[in-house]
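Colleague: I've got the picture open and a pile of "how do you know" questions. Can you walk me through the terms as we go?

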Amino acid sequence: MLQKIGRLFVIKTRFEACAVIYALAVGAMTRGLQYLETYPGFPGYLFVAAAAGVVFMAGAKLMEVTRPDAGHRRRKEDLDQFGTSVRTAR
């Protein structure tokens, strides 16, 4: 039963990743407005930028994880000397 519930929280497609990124962005910007009220001026803007930056980093990782694996599109740095993915070799 717990496995069935756990499968609801697995992001499988890029559409699901986009929906999660959108929700993160809305929450981060809402929190950013609260930061601006609490910390007016430059510190507030720094906190807003940090909240937005986290969404960009998390969104990039989610999009990378849900990307279909195509070896020809990988960077050379991601491959070891035998041409296999470094991430799967670890």
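Modeller: Sure. Let's start with contact: it means heavy atoms within 4.5 Å. And keep in mind that this is a predicted model.

Colleague: Okay, so what covers the buried residues of α3?

Modeller: The cover includes α2. On the α3 side, the buried residues are G44, V48, A51, V55, G59 and L62. Coming from the other helix, the buried residues of α2 are A17, I21, A28 and G32, and they pack against α3.

Colleague: Why does A51 count as buried?

Modeller: The cut-off for buried is under 20% relative accessible area. A51, which is found in helix α3, has a relative accessibility of 16%, so A51 counts as buried.

Colleague: And what makes G59 buried?

Modeller: Same reasoning. G59 is placed in helix α3, and its relative accessibility is 8%, so G59 counts as buried. Across the protein chain, 17% of the 90 residues count as buried.

Colleague: Why are α2 and α3 called roughly antiparallel?

Modeller: Look at the angle. Helix α2 (residues 14-38) and helix α3 (residues 42-65) pack at about 170 degrees, and their axes are 9 Å apart. Angles over 145 degrees count as roughly antiparallel, so that label goes to α2 and α3.

Colleague: Which residues of α2 and α3 make that contact?

Modeller: From α2, they include R14, C18, L24, M29 and Y35, and from α3, they include Y45, F47, A52, A58 and M63. By class, the contact of α2 with α3 has 19 nonpolar, three polar and one charged residues.

Colleague: What makes up the largest nonpolar core?

Modeller: Six residues: A17, I21, A28, A51, V55 and L62. At least two of them come from each of α2 and α3. To be a core in this sense, buried nonpolar residues have to be joined through side-chain atoms within 4.5 Å. As background, nonpolar side chains tend to be buried together in soluble globular proteins.

Colleague: Which residues does L62 touch?

Modeller: Leaving out residues up to four places away in sequence, L62 touches I11, A17, V20 and I21.

Colleague: How do you know that the length of α3 agrees with what a helix should span?

Modeller: At 1.5 Å a residue, its 24 residues should span 34 Å, and the end C-alpha atoms of α3 are 35 Å apart, so the two agree. For α2, with 25 residues, the first and last C-alpha atoms are 36 Å apart, close to the expected 36 Å.

Colleague: How far apart in sequence and in space are A51 and L24?

Modeller: They are 27 residues apart in sequence, and 9.6 Å apart in space, C-alpha to C-alpha. G59 and Y22 are another such pair, 37 residues apart in sequence and 9.0 Å apart in space, again C-alpha to C-alpha. Taking contacts in the protein chain between residues at least 6 apart in sequence, 43% join residues at least 24 apart.

Colleague: Last one: how many helices and strands are there in the protein chain?

Modeller: Four helices and zero strands. From the N terminus on, the order reads α-α-α-α.

Conventions. Residues numbered from 1 in each chain as written. Predicted model: local features only at pLDDT ≥ 70, side-chain atom pairs only at ≥ 80, totals over all residues. Heavy atoms only, no water. Axes fitted to C-alpha atoms, helices over the stretch in contact; angles between N-to-C directions. Helix = DSSP H or I, 4+ residues; strand = E, 2+ residues; numbered from the N terminus. Parallel < 35°, antiparallel > 145°, perpendicular 65-115°, else oblique. Nonpolar A, V, L, I, M, F, W, Y, C, P; charged D, E, K, R; others polar. Buried < 20%, exposed > 50% of the residue type's maximum accessible area, 1.4 Å probe, protein only. Expected span 1.5 Å × (residues − 1).
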